[in-house]
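Here are my notes on this one, written as numbered points so you can check each against the coordinates. Have the viewer open while you read.

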Amino acid sequence: MQKFRTMALSLILAAFLSGAAFAQGDSSEIPAQVSKEHWACKELTELSAKYGAPASLPQKEVLEKKELASQLLSLMDKVLEKCEKEGPEAVPAHDLEQLAALHQALQGELAQYEGYEVRREAIEKMLAKPETPEFLYKAGVNGFLRGEGVRNFHLPDFSYTPDHGEGRFLYRVKPYLYWHPTDWLDIHAEGQGYGYRGGSHQEYNKFSLYQGFVQARIPGSDVVTLKGGRQEFEYGSAFILGPEAFYDGLSFDSVLLRVKPVEPLTVDVLAGSYATPFSNGIEGNLAGAYATWAFSENNTLEAYAFRDSGSDDHHGGEYRATWGLRGTARVGNVALEVEPVYQSGKTFNSVREANDRIEAYGGHVDLSSEGNIGGYNNKFFGSFAYGSGSSEAANGVSGRREFVNQNTDSSLTGDMNVIGDLSGIDVGDHHASGVQIYTLGWGIDLTKDLNFSATGRYFRANKVEEGFSKNLGLETDFTVTYNVSDALSFILGYDRFFTGNFFRNATGSGDDIDYTYLMLQFDISKSKPKAKARKG
């Protein structure tokens, strides 16, 4: 079909590249039993000899996974000892990457050793990537290329369109240059080219500055940091504020002040305006504060307040204030996140031609667990998200009680963007106000570099027109991710939205929506390491 030509060519090209990558890649899984020729055995043997680990793997043809974990724990002791004596720079980055991969693959078995729990925090801190840049400069380009196709949907405005299909090729390319002349000064410049071409006469190309900022702090201290220029913001799980990375992103011409008065507490204060080249028509200002108290690495309490006057059709006096709390906790392999949010402010009422007072609320609860099952790392997750709505909004009178989280990069609303945020959805000439989302998902690491995930999300409206169903539908998302290297990965996805009765009431059609995509992500760079300080 002519309308799928661009889509088909993109998918064929990406499939060819993906096939080549798979042919060149090696299997990196660690099953319950492995031969001495397995990659994990070889890396453990080489690293143990290099760092003088006292234990050695049993001299037999087949080894148990727990035996690898025992050897890794012994090896980690030696590496930790070297870091403590000579500093973190004494262990090459490549070795740390190998240790991190082994640590991830054997985490379930390591947890069975009492000695691991005692040393776990120190091990994870050693393996974590340093926050302070370890290079003088870094230049490169990152982004993605994506071929995508849909049925019964219109991609330019993400609207339900029965008996319609289209495909397009979409790109996002960001050349960048980071320069860190001192430990207290960072300079960051990043351009962006974004566009797409495909069916329904779709063609769009935009090139502009995406980020450009200077960040400075007090030399020898991280108590106060100041960052000014064009920049992204991402907080928490991006439920309220995120960079919209799946499309053209979101940045602000702004100033951010970060203060760490005591070690567990970080406070960000920011103010700026939407950077219009990639704000999708939204103009206005954003200001607020975000505070984080870290009890430990995975247990935090956060509080925030933002005042956002951004909109694509602004009227005098309009703004939305968002007040939220976020808590995260982890016990063993189980993680919990809770984030209640309240919104106030003023929104324009076109019927009264005056501003209404906003009174809206929303939030989400997420629960996840991961562990080793049958020799593979599995992750199970579930969540409930809620955004308030009203009969006034459903009948086109006032949206003052609708919860809006438009500046989000959250996965809670799904991969397809049929339901864009928690305020509701327009189908034809009808509006469903406020959304509830029930999510269940599962992911499995088939190898160190290959992951499969399946997720189901049920959407239900809070308020609709009289006689309409509140059942919006069920979205199912299936994704395969293959990491060729740290710089290159492929993502293949198939999503289906089973439309609920609200779509039938609004349009007379019950056709489901299909979305398929194949995406290449890349980050190719070259950097110059910082010179090591001479010891006196």
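1. Let's start with a pocket, keeping in mind that this is a predicted model. Helix α2, residues 39-51, is the biggest contributor to the lining of the second largest pocket, supplying 4 residues. The space inside that pocket comes to about 210 Å³. There are 14 lining residues, and those closest to the pocket centre are Thr45, Ser56, Leu57, Pro58 and Gln59. By class, the lining splits into 7 nonpolar, 5 polar and 2 charged residues. If you want to set up a probe calculation of your own, the idea is simple: rolling a probe the size of a water molecule over the atoms shows where empty space is left.

2. Next, the aromatics. How many aromatic pairs does the structure hold? The count is 27. One of these is Phe246 with Tyr517: the ring centres are 5.8 Å apart and the planes meet at 80 degrees, which makes the pair edge-to-face because anything over 60 degrees goes in that class. Phe246 comes from the loop between β7 (224-231) and β8 (252-259), while Tyr517 belongs to strand β21 (residues 513-529), so the contact ties together parts that are 271 residues apart in sequence.

3. Are the two partners of that pair buried or exposed? Phe246 is partly exposed, at 22% relative accessible area. Tyr517 is buried, at 4% relative accessibility. The cut-off for buried is under 20%, so Phe246 falls outside that class while Tyr517 falls within it.

4. Zoom out a little from the pair and you find an aromatic cluster made of Phe153, Phe158, Phe246, Tyr247, Tyr515 and Tyr517. Tyr247 also has a charged neighbour: Arg146 lies over the face of its ring, 5.4 Å from the ring centre. Elsewhere, Arg168 places its charged end over the ring of Tyr196, at 4.4 Å from the centre. Both are worth a look if you care about cation-ring geometry.

5. Two helices can be checked for length. Helix α3 (residues 65-86) has 22 residues, which should span 32 Å at 1.5 Å a residue; the end C-alpha atoms are 31 Å apart, so the two values agree. Just after α3 comes Gly87, with a positive phi of about 95 degrees. Helix α4 (residues 93-105) has 13 residues and runs 18 Å from its first C-alpha to its last, close to the expected 18 Å.

6. Which residues of α4 are buried? They are Asp95, Leu96, Gln98, Leu99, Ala101, Leu102 and His103. For reading that list, recall that an α-helix has 3.6 residues a turn, so residues three or four places apart point the same way.

7. Now for some backbone angles. Most residues other than glycine have a negative phi. Asp163 has a positive one, near 60 degrees. Asp163 is in strand β4 (residues 159-182), and at 71% relative accessibility Asp163 is exposed. Asn280 also has a positive phi, near 55 degrees. Asn280 is located in the loop between β9 (265-274) and β10 (285-296), and its relative accessible area of 63% makes Asn280 exposed.

8. Last, three residues of strand β17. Gln436 has its place in this strand, which covers residues 430-445, and Gln436 is buried at 15% relative accessible area. From Gln436 to Gly199 the C-alpha distance is 33 Å, with their positions 237 residues apart in sequence. His431 is in β17 too and is buried, with a relative accessible area of 15%. The C-alpha atoms of His431 and Ala294 are 41 Å apart, for a separation of 137 residues along the chain. Trp442 is also in β17, but Trp442 is partly exposed at 29%. Trp442 and Asn378 are 64 residues apart along the chain, and their C-alpha atoms are separated by 7.3 Å.

Key
Residues numbered from 1 in each chain as written. Predicted model: local features only at pLDDT ≥ 70, side-chain atom pairs only at ≥ 80, totals over all residues. Heavy atoms only, no water. 1 Å grid on protein atoms, 1.4 Å probe; cavity = no way out; pocket = protein on both sides within 12 Å on 5 of 7 lines; lining within 4 Å. Points joined across faces, edges and corners; volume = space filled by probe spheres on them. Nonpolar A, V, L, I, M, F, W, Y, C, P; charged D, E, K, R; others polar. Phe/Tyr/Trp six-rings, centres within 6.5 Å; stacked < 30°, edge-to-face > 60°. Buried < 20%, exposed > 50% of the residue type's maximum accessible area, 1.4 Å probe, protein only. Lys NZ or Arg CZ within 6 Å of the ring centre and 35° of its normal. Expected span 1.5 Å × (residues − 1).
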